[in-house]
Amino acid sequence: MGIGPLLLCVLLIVVLWWGPGWLLGEALGVRRILLPVVAPLLGMGVLTVIGVMGNALGLSWQLLPVVLVLVLLSGVLFVARLALQRRFPDKFDNPPVKSIFGKHHFKGTWLVIGAGLVAGGAVAAVSWTVGTEGLLGINQDWDIPWHANMIRLISVNHEWDPSIAGNFAYYDTNIGEAPIRSYPIAFHAVLSLFWPMSGVSIPVFLNVFVLVMMGVQLPLSTMALTMVVTRRPLAVAAAGAVSGWFTVYPYDLLWRGPLIPFFAGMLLVGPFVYLAVKGAVDRRKFWIPGIAFGAVGLIAVHPSLAFVVLPVLVFWMLSALVRRRGRILGITVYLAVSGVLAVVLGLPIITQMLKESERVSKQVWAADTDRNGAIQNIIFLNHGSMAMPILTAMVALGCLALVFRIRMWWYFGPVLAFAFLSVYTMGTDNPRFMSLTAPFYDDQWRIFGILVMLLIPLAGLGIAQTAEAVTWLVGRVRASRSTNREVGSSHRGSTVLTAAVAAAVLLVSGIAAIPYFKQNAERININTKVDGATLSKSEVDLLSTMDRYVPQDATVLNDSCDGSVWMYALGNRMPMIRHFEILPTNRQLLVLQKLGDLASDDAARAAASELGIEWVYIADGRIRAWDEPKPGLTQPDSIPYLKLVVREGNAALYQIDWSQLPGGKQAFDAASKDRHQLDGVSGILENTKPDGIAPLGRIC
């Protein structure tokens with residue numbers, strides 16, 4: 001990929017990720033110093049509201065109408081804010097502007113914050129770029145093709161409707177009874193607005209998106225979460241600097257593929273908590289709609305993140321009950337009003353997500369160690385990776401600093417809660433607490449990732465505490481040698497010394513942590529390859545050019561375990577099975593098993609006709625090394641009515657010559673009467689005689 005397409009992709013993603021929320025933030029009077037942090041949260045929220053409500057009103061999900069609605073909504077909110085401020089200045093006027101760092105602010109604060117942002121973003125961005133083989137790699141496993149397919153599906157059909165995910169996966173069965181009836185599509189819908197303008201493939205676009213998240217949003221989000229714990233600039237900057245060092249979060253979430261939306265949502269947790277806390281404390285009334293939009297955006301990206309935000313806010317409010325007794329009622333009312341407004345704005349998306357709650361709650365991940373092993377994983381911050389004692393030491397120092405600061409004790413609450421859930425999910429199969437882990441699919445990787453996200457601010461606090469301790473010790477030594485010192489210069493000197501010590505600690509730690517950085521890139525590269533075992537370069541080339549050979553509305557017979565589920569995302573043509581983990585229906589399985597028997601097996605031929613199978617894709621790449629190809633796809637060149645159309649390395653496309661089969665092409669066309677195009681969703685078919693899902697357990 002040349003520098004031009006890369007820069008265009010980065011520009012598009014930056015405008016998409018920050019632009020809508022920046023516009024809304026300006027309308028609501030959010031301070032510009034905070035907009036880089038909270039704009040993505042506000043943007044995801046307002047776009048979600050426009051999407052779900054616009055879908056009900058028939059709004060086409062395209063860039064121009066979405067932008068027009070966004071500008072109109074922002075304009076209305078801006079005019080309303082100005083009118084209320086002028087009409088009721090005593091109730092709606094903004095409070096005096098203060099430094100967000102309070103008494104901890106010093107000359108050069110923003111220089112230190114900027115250095116932390118650049119340092120943390122550089123490490124994370126380089127790790128991701130190396131791990132994805134220069135941003136050109138394609139994930140060889142898990143759910144990435146599902147996300148890529150959804151982006152194309154929405155960009156082609158201009159449709160915001162979570163239920164289309166069920167039709168996309170299970171077009172040959174009863175959608176109401178299918179495992180996936182709905183899906184949180186906000187992540188895919190937002191990216192679909194700008195992907196067509198990028199000129200690159202969807203996998204590359206996703207890689208560049210994550211690059212921007214790693215390089216900018218990850219340290220920003222970490223800094224926002226740290227600001228909720230402490231307003232010490234050094235701690236905030238240090239937390240941002242080390243945000244890309246930990247393997248469990250974000251790298252273990254990213255190499256596993258299905259969690260890119262979850263990771264993007266986690267990056268909104270810090271900004272949301274900070275916006276809610278600061279808005280409640282400062283009583284900024286016009287931030288209430290912003291907090292509501294932010295809540296909608298958070299749950300739209302991934303509903304389970306609501307169960308991350310709530311414990312943090314609950315424990316913070318318990319602390320406020322002690323420290324801000326005179327204001328706790330106002331804070332409670334403020335957050336309650338924001339929550340009610342969020343429910344009103346997000347009711348359509350919440351209703352859709354509830355359709356999936358039963359399926360999600362039944363997901364169970366087996367424990368991969370015992371209780372002692374889980375505790376060791378948490379102590380050394382590893383999960384199937386190398387131990388990280390340097391980072392453990394930073395976090396331990398941060399915990400020690402918390403012990404001596406009673407105002408920060410509340411933060412132990414969410415940390416210990418997710419530490420407990422991590423031990424439970426990693427180290428035991430006891431179903432006693434299943435309801436607590438159900439929102440996270442009972443997945444120890446996700447829960448451990450949440451815990452580490454909460455621990456990173458403590459690492460920043462630990463670094464700052466170390467620097468302050470060294471400065472205090474140096475000050476004591478100087479005081480013992482001199483009794484006549486100028487206070488102002490001493491204070492400035494101590495600030496510079498503290499910053500220098502913190503930088504030195506980070507530098508030394510970073511050099512010692514180089515093996516961690518190498519491991520992080522290697523973790524990403526586990527599944528992300530330009531030429532891999534599941535998708536070879538030849539397979540990618542053929543899948544990317546399928547539209548040269550296959551008609552627009554055709555369905556291509558495929559074995560999901562060979563990587564062909566990437567067909568739609570890469571080549572804009574529909575495979576029969578569209579995800580690694582989607583079970584076939586009985587008639588689909590029959591064709592996969594008996595493709596070579598269509599001339600003699602009436603049931604298999606009828607099934608192929610009803611499915612509209614005229615094209616067959618076969619490749620020898622496998623998502624699982626032990627998986628066997630489906631019997632009907634093992635010897636295609638020996639099937640007389642199967643004609644080779646094109647071969648690209650280890651991948652080939654065939655066409656079925658129905659004129660050689662009993663009944664001919666006329667019988668094939670007649671069977672199409674049961675297949676109907678869904679309104680407004682090109683390429684998605686619904687069968688009026690749906691079949692049952694094959695009882696296989698798993699495909700691959």
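**Exercise 1.** In this predicted model, list the buried residues of helix H1 and state which helices they pack against.

*Solution.* The buried residues of H1 are Cys9, Leu12, Ile13, Leu16, Trp17, Trp18, Pro20, Gly21, Leu24, Gly25, Ala27 and Leu28. As a second step, looking for their partners, one finds that these buried residues pack against helix H2 (35–56), helix H3 (63–87), helix H8 (186–198), helix H9 (202–229), helix H12 (260–266) and helix H14 (287–301).

**Exercise 2.** Compare the expected span of helix H1 with the distance between its end C-alpha atoms, and then locate its bend.

*Solution.* Helix H1 covers residues 3–28, and its 26 residues, at 1.5 Å a residue, should span 38 Å. The end C-alpha atoms are 37 Å apart, which agrees with that expectation. The helix nevertheless bends by about 35° at Trp18, with a proline, Pro20, following within four residues. After H1 comes Gly29, whose phi is positive, near 80°.

**Exercise 3.** Decide whether Val322 and Val646 are buried or exposed, and describe the surroundings of each.

*Solution.* Val322 lies in helix H15 (residues 306–323), and because its relative accessible area is 56%, above the 50% cut-off, Val322 is exposed. Together with Val314, Leu318 and Leu321, Val322 forms a nonpolar patch on the surface, with about 360 Å² of accessible area together. Val646, by contrast, has its place in strand E6 (residues 642–648), and its relative accessibility of 13% is under the 20% cut-off, so Val646 counts as buried. Leaving aside neighbours within four places in sequence, Val646 is in contact with Leu542, Tyr549, Ala651, Ala652 and Leu653.

How values were computed: Residues are numbered from 1 along each chain as its sequence is written. This is a predicted model: local features need pLDDT of at least 70, side-chain atom pairs count only at pLDDT 80 or more; totals for chains, interfaces and linings use all residues. Side-chain values use heavy atoms; hydrogens and water are left out. Helices (H or I, at least four residues) and strands (E, at least two) are DSSP runs, numbered from the N terminus. The expected span of a helix is 1.5 Å times one less than its number of residues. The bend at a residue is the angle between axes fitted to the seven residues ending there and the seven starting there. Buried means under 20% relative accessible area, exposed over 50%, partly exposed in between (1.4 Å probe, protein chains only). Contact means heavy atoms within 4.5 Å. Patches are made of residues with over 30% relative accessible area and no salt bridge: like charges are joined within 9 Å, nonpolar side chains (Val, Leu, Ile, Met, Phe, Trp, Tyr) within 5 Å. Accessible areas come from the Shrake-Rupley method with a 1.4 Å probe; for residues, only the protein chains shown count as cover. A salt bridge is a side-chain nitrogen of Lys or Arg within 4 Å of a carboxyl oxygen of Asp or Glu.
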